[in-house]
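Colleague: I would like a close look at a single part of this model, the nonpolar patch on its surface. Please say which residues form the patch and then how the rest of the chain is built.

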Amino acid sequence: MGVEKFTLKKLIGVIASFAGVILTSSVDISGENDKNRGSFPHKSPQQVSIGDALALLSAVLYGVYTTVMKKKIGDEARVDMPLFFGFVGLFNMLMLLPGFPILHFTGIEPFALPSTRRIWTIILVSPSNGSSPPETHMDA
């Protein structure tokens, strides 16, 4: 594609990521008991496998997305990133929000508000942190 060079470090990173997915999936599927699951509800091996497959699909789709973005825009300086990701968030909200009531009322994924004050604090404080490292927010 000519946008980014293939390097050994990138290959090792991809292999390490796949190895992590395989290890996590094999532990999920082979778990004989629920001893260390904490308060998480029990999931059957089929449900765990579906979750792992969806996580892998998500990673593949993210790879396709980043590849297409690099091919189409080339240099990130050409795009107003806050505006771009604002639109990504808006489209996700408009397209995915109608699915929440369906999932809730069918019992597939019940919706509940956070149960503790600590979780509410995390939810309310997280957006103020931004998604970039702290040094990018400092005045030089």
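Modeller: The patch is made of Leu83, Phe87, Leu90, Phe91, Met93, Leu94, Met95, Leu96, Leu97, Phe100, Leu103 and Ile108, which together have about 1200 Å² of accessible area. Two elements give two or more residues to the patch, helix H3 (81-96) and helix H4 (99-106). The largest contribution is that of H3, with eight residues. Bear in mind that this is a predicted model.

Leu94 is one of the patch residues, and its place is in helix H3. With a relative accessible area of 52%, Leu94 counts as exposed, because the cut-off for that class is over 50%. Two phenylalanines of the patch, Phe87 and Phe91, also belong to H3, where they are four residues apart, about one turn of the helix. Phe87 has a relative accessible area of 41% and is partly exposed. Phe91, at 44%, is likewise partly exposed.

The aromatic rings deserve a separate account. The structure holds three aromatic pairs. One of them is formed by Tyr62 and Tyr65, with 5.9 Å from centre to centre and 40 degrees between the planes, and this pair is tilted. Tyr62 and Tyr65 are three residues apart in helix H2, so about one helical turn separates them. Tyr62 is exposed, with a relative accessible area of 55%, whereas Tyr65 is partly exposed at 29%. In the patch, the ring centres of Phe87 and Phe91 are 6.2 Å apart and their planes are at 25 degrees. The pair of Phe87 and Phe91 is therefore stacked, since planes under 30 degrees apart fall in that class.

Helix H2, which carries the two tyrosines, covers residues 45-73. H2 has 29 residues and reaches 42 Å from its first C-alpha to its last, close to the 42 Å expected at 1.5 Å a residue. The buried residues of H2 are Val48, Asp52, Met69 and Ile73. After H2 comes Gly74, which has a positive phi, near 70 degrees.

Lys70 is another residue of helix H2. Its relative accessible area is 32%, so Lys70 counts as partly exposed. Along the chain Lys70 and Glu4 are 66 residues apart, while 8.4 Å separates their C-alpha atoms.

For the chain as a whole, there are five helices and zero strands. Read from the N terminus on, the order of elements is α-α-α-α-α. The chain has 140 residues, of which 4% count as buried. Its accessible surface comes to about 12400 Å², and 69% of that surface belongs to carbon and sulfur atoms.

To return to the part you asked about: the nonpolar patch draws on H3 and H4 for two or more residues each, with H3 giving the most. Within H3, Leu94 is exposed, while Phe87 and Phe91 are partly exposed.

Methods:
Residues are numbered from 1 along each chain as its sequence is written. This is a predicted model: local features need pLDDT of at least 70, side-chain atom pairs count only at pLDDT 80 or more; totals for chains, interfaces and linings use all residues. Side-chain values use heavy atoms; hydrogens and water are left out. Patches are made of residues with over 30% relative accessible area and no salt bridge: like charges are joined within 9 Å, nonpolar side chains (Val, Leu, Ile, Met, Phe, Trp, Tyr) within 5 Å. Accessible areas come from the Shrake-Rupley method with a 1.4 Å probe; for residues, only the protein chains shown count as cover. A salt bridge is a side-chain nitrogen of Lys or Arg within 4 Å of a carboxyl oxygen of Asp or Glu. Buried means under 20% relative accessible area, exposed over 50%, partly exposed in between (1.4 Å probe, protein chains only). The expected span of a helix is 1.5 Å times one less than its number of residues. Rings of Phe, Tyr and Trp (its six-membered ring) pair if their centres lie within 6.5 Å; planes under 30 degrees apart count as stacked, over 60 as edge-to-face and the rest as tilted.
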